[in-house]
Amino acid sequence: MYLEHFKLNELPFRLSPDPEFLYLSKHHARAKAYMESTIWFTDGFVVITGEIGSGKTTLLETFLRELEKDVVVAQVAQTQISPIEFLQAVLVQFGFQPFKMRKAELIATLNQFLVEQYAAGRKVMLIVDEAQNLSNRVLEEIRLLSGVETTKEKVLRIILAGQPELNEKLDSPELVQLVQRIRLRFHLTALTPEETQAYILHRLEVAGAHGRQLFAADTPPVIYRFTGGVPRLINTLCDTALMIAFSSGQDIVSTTELKAAIDELQWVEFAARTNRMRAGVSALPDVTLPRAVSSDEVLARIIVAHGGEHVEERPLRTGRIIIGRTVDNDIQIDSKFISRHHCQITTTSEGSVLEDLNSTNGVYIKSKRVRRQHLNDGDVVVLGKHEIMYLDERQVRGRLAAIEPTGDHEAIEESGVPEAAGDAAASN
């Protein structure tokens with residue numbers, strides 16, 4: 001192979017999912033944050049979709065590697081199975097031998113296991129990859145499992161990952177009850193041209209390039225044109241190009257070697273095959289919102305301040321924003337008093353709700369620490385040394401409508417000044 005020739009320690013563009021090589025684009029970082037949110041919430045239920053090769057499995061592997069020891073995980077990847085086979089597969093992951101059990105016994109065993117783990121202070125998580133292949137009957141079993149709870153809270157966290165067909169399946173009328181259980185739905189798009197170049201450099205660096213440029217400066221735009229920013233396609237093309245450069249005795253991949261690789265793969269430009277994954281043209285919005293609510297209307301605003309000075313203003317539409325210290329949050333507050341993922345604000349047509357995400361220093365409103373609070377117009381939320389003012393646009397519009405003048409004649413009458421006197425005053 002070409003490792004010695006290019007002085008690399010590992011193959012930089014292997015197709016197998018390796019968390020060591022994970023490149024967190026803006027979208028990948030956000031998808032990972034949504035996966036992590038399943039740990040914060042007792043009813044965490046997240047759906048992540050993306051095209052083939054978009055990096056879903058690598059994200060899952062990275063997420064699993066970073067889990068704390070108090071999290072018990074069942075990971076199911078074989079999804080073309082019956083409901084009974086699915087329940088058996090989950091129990092096998094939890095250490096049972098369930099193959100002689102009837103369905104009622106499978107369900108009872110699984111429910112008892114979940115409650116016992118909760119009582120022992122452990123979190124239980126179910127992760128299903130390639131979930132687009134699940135039948136509606138299996139998805140119904142998942143819905144029932146998501147409802148297992150103690151007297152206080154639900155006991156199973158769930159992540160479903162799959163291709164875009166999963167969203168089409170979830171939107172069918174038969175699965176309305178399941179969709180109501182889902183907290184977040186996120187569609188993973190392809191890399192942008194800039195991210196494609198950064199992705200290549202990142203993988204080469206992890207593989208031991210130590211800053212050496214193994215691809216000529218004019219190659220990344222060509223790579224993007226033929227891969228559309230899809231990570232798996234980038235890996236395939238770059239690996240083939242490195243092999244050709246090695247065979248030709250070249251120390252760097254130029255457009256000549258890249259063209260030879262494209263010819264060998266018999267590829268045409270990505271846009272000629274499909275534009276479904278083009279960066280910035282997602283098949284779905286980032287977060288799938290309830291159909292009855294417009295995602296464009298600004299329902300509220302928040303103003304972030306520090307030391308009395310305005311830092312940031314953000315409109316709130318239907319959906320969820322996460323506030324924290326790291327860049328993978330929707331609003332980043334870089335302060336030692338702010339936790340990595342500090343709190344979230346969920347906005348619906350009914351209003352906005354603030355939730356503390358188990359932050360270290362807490363969330364305060366009117367000097368009182370709150371865990372979950374419905375926000376009212378004018379509320380000031382204190383996070384460490386920062387303040388966030390909440391302004392409800394619906395109430396503002398309501399107040400404006402209430403005081404809107406209806407005409408000069410009516411305004412004069414309301415003031416109690418006769419019309420003639422008003423004219424006289426004007427002439428003076």
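## Aromatic contacts in a predicted model

Phe94, Phe96 and Phe113 come together as one aromatic cluster. Keep in mind that this is a predicted model. Counting ring pairs whose centres lie within 6.5 Å, the total is 6 aromatic pairs.

Let's start with a pair outside that trio. Tyrosine 34 and phenylalanine 186 meet edge-to-face. Tyrosine 34 belongs to helix 2 (residues 26-40) and phenylalanine 186 to strand 5 (residues 184-188), so their contact ties together parts that are 152 residues apart in sequence. As for solvent, tyrosine 34 is buried, and phenylalanine 186 is buried as well.

Back in the cluster, why is the pair of phenylalanine 96 and phenylalanine 113 called edge-to-face? The planes of the two rings sit at 85 degrees, and over 60 counts as edge-to-face, so the label follows. Phenylalanine 96 is in the loop between helix 4 (83-93) and helix 5 (103-119), while phenylalanine 113 is in helix 5 itself, so this pair links parts that are 17 residues apart in sequence.

Here's the geometry of both pairs:

| Pair | Centre to centre | Angle between planes |
|---|---|---|
| Tyrosine 34 and phenylalanine 186 | 5.4 Å | 80 degrees |
| Phenylalanine 96 and phenylalanine 113 | 5.6 Å | 85 degrees |

How buried or exposed are the two phenylalanines in the second row? Phenylalanine 96 has a relative accessible area of 24%, which makes it partly exposed. Phenylalanine 113 has a relative accessible area of 8%, so it counts as buried.

One more ring contact involves a charge: lysine 385 lies over the face of phenylalanine 337, at 5.3 Å from the ring centre.

Conventions: Residues numbered from 1 in each chain as written. Predicted model: local features only at pLDDT ≥ 70, side-chain atom pairs only at ≥ 80, totals over all residues. Heavy atoms only, no water. Phe/Tyr/Trp six-rings, centres within 6.5 Å; stacked < 30°, edge-to-face > 60°. Helix = DSSP H or I, 4+ residues; strand = E, 2+ residues; numbered from the N terminus. Buried < 20%, exposed > 50% of the residue type's maximum accessible area, 1.4 Å probe, protein only. Lys NZ or Arg CZ within 6 Å of the ring centre and 35° of its normal.
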